[in-house]
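Visitor: Please give me a close look at a single part of this structure. Start with the whole, then settle on one element and stay with it.

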Amino acid sequence: MMIVIQKASGGVAVMRLIGDSDVTGCLDKWRDVNAGEYVSHAVVQDDALPADRTQRGYWQLVDGTVQVVLPA
C-alpha cells in the first residue's frame, strides 16, 4: 500500500507503507519535512501507479487516482 500526496509545487510524492504503518502518523511526518506542500492525498494499492515512469514528473492526483497530466 502507498500514500500518494499531491504537492502544491506540482507533481506528487509517493510514500510506500511498510507493515502496520500508521497513515496519519506518516502524513504528519511528511508535512513536517515538507511544510506548505501538502494539498491532498490518497491511499492506493501498489499497482495504482502508471506503469510508464518516463512521464512521472507530470503525475497528478485526480479523483483519488494517479494520472499523467501534460501541460497544455
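Guide: Start at the surface. This predicted model exposes about 4,700 Å², and carbon and sulfur atoms supply 50% of that area. Of the 72 residues, 29% count as buried. The C-alpha atoms fill a box of roughly 35 × 25 × 20 Å along the principal axes.

Next, the layout. The protein has one helix and five strands. Along the sequence they follow the pattern β-β-α-β-β-β. The radius of gyration is 12 Å, close to the 11 Å that the globule rule gives for 72 residues, so the protein is as compact as a globular protein of that length. Contacts reach along the chain. Among those between residues at least 6 apart in sequence, 42% join residues at least 24 apart.

The part to dwell on is strand β1. β1 covers residues 2-7. Three strands form an open sheet in the order β2-β1-β3, with antiparallel pairing. β2 (12-16) and β3 (38-44) stand at the edges. Each of these edge strands has a single partner, so one side of each is left without a neighbour in the sheet. From one strand to the next, the twist averages 20°. β1 sits between β2 and β3 in the strand order.

Take the β2 side of β1. The two strands run antiparallel and are joined by five bridges. They form a hairpin, with four residues between them. Gly10 lies in that turn and has a positive phi of about 105°. Within this pairing, Ile5 has Ala13 of β2 as its bridge partner.

Now the β3 side. Here β1 pairs in the antiparallel sense over six bridges. Two residue pairs mark the register. Ile3 stands opposite Val43 in β3. Val4 has Ala42 of β3 as its bridge partner.

How is β1 covered? Five of its six residues are buried, which leaves the strand mostly covered. Helix α1 (residues 23-33) lies across β1, β2 and β3. The helix runs at about 35° to β1. In a regular strand, side chains alternate between the two faces of the sheet.

Zoom in on one residue of β1. Which one? Take Ile5, found in this strand. Is Ile5 buried or exposed? Its relative accessibility is 0% and the cut-off for burial is under 20%, so Ile5 counts as buried. Now list its contacts, leaving out residues up to four places away in sequence. Ile5 touches Gly11, Val12, Ala13 and Met15, then Leu27 and Trp30, and also Tyr38, Ser40 and His41. One of these, Ala13, is also its bridge partner in β2. For a longer span, consider Gly57. Ile5 and Gly57 are 52 residues apart in sequence and 13 Å apart in space, C-alpha to C-alpha.

Finally, look at charges on the elements that flank β1. Side chains of opposite charge can pair when their charged atoms come close. The count comes to two salt bridges. One joins Asp46 to Arg16, with the closest N and O atoms 3.1 Å apart. This pair links distant parts of the chain: Arg16 is in strand β2, and Asp46 is in the loop between β3 and β4 (59-62), 30 residues apart. Asp46 is partly exposed at 43% relative accessible area. Arg16 is at 52%, and the cut-off for exposed is over 50%, so Arg16 counts as exposed.

The other salt bridge joins Asp28 to Arg31, with the closest N and O atoms 3.3 Å apart. Both residues lie in helix α1, three residues apart, about one turn of the helix. Asp28 is partly exposed, with a relative accessible area of 37%. Arg31 is partly exposed as well, at 33%.

Return to the strand itself. β1 pairs with β2 through five bridges and with β3 through six. Helix α1 lies across β1 along with β2 and β3. Ile5, in β1, counts as buried at 0% relative accessibility.

Conventions. Residues are numbered from 1 along each chain as its sequence is written. This is a predicted model: local features need pLDDT of at least 70, side-chain atom pairs count only at pLDDT 80 or more; totals for chains, interfaces and linings use all residues. Side-chain values use heavy atoms; hydrogens and water are left out. Two strands pair if DSSP finds at least two bridges between them. Axes are lines fitted to C-alpha atoms, for helices over the stretch in contact, and angles run from 0 to 180 degrees between N-to-C directions. Contact means heavy atoms within 4.5 Å. The radius of gyration is taken over C-alpha atoms; the globule rule is 2.2 Å times the number of residues to the power 0.38. Buried means under 20% relative accessible area, exposed over 50%, partly exposed in between (1.4 Å probe, protein chains only). Accessible areas come from the Shrake-Rupley method with a 1.4 Å probe; for residues, only the protein chains shown count as cover. A salt bridge is a side-chain nitrogen of Lys or Arg within 4 Å of a carboxyl oxygen of Asp or Glu.
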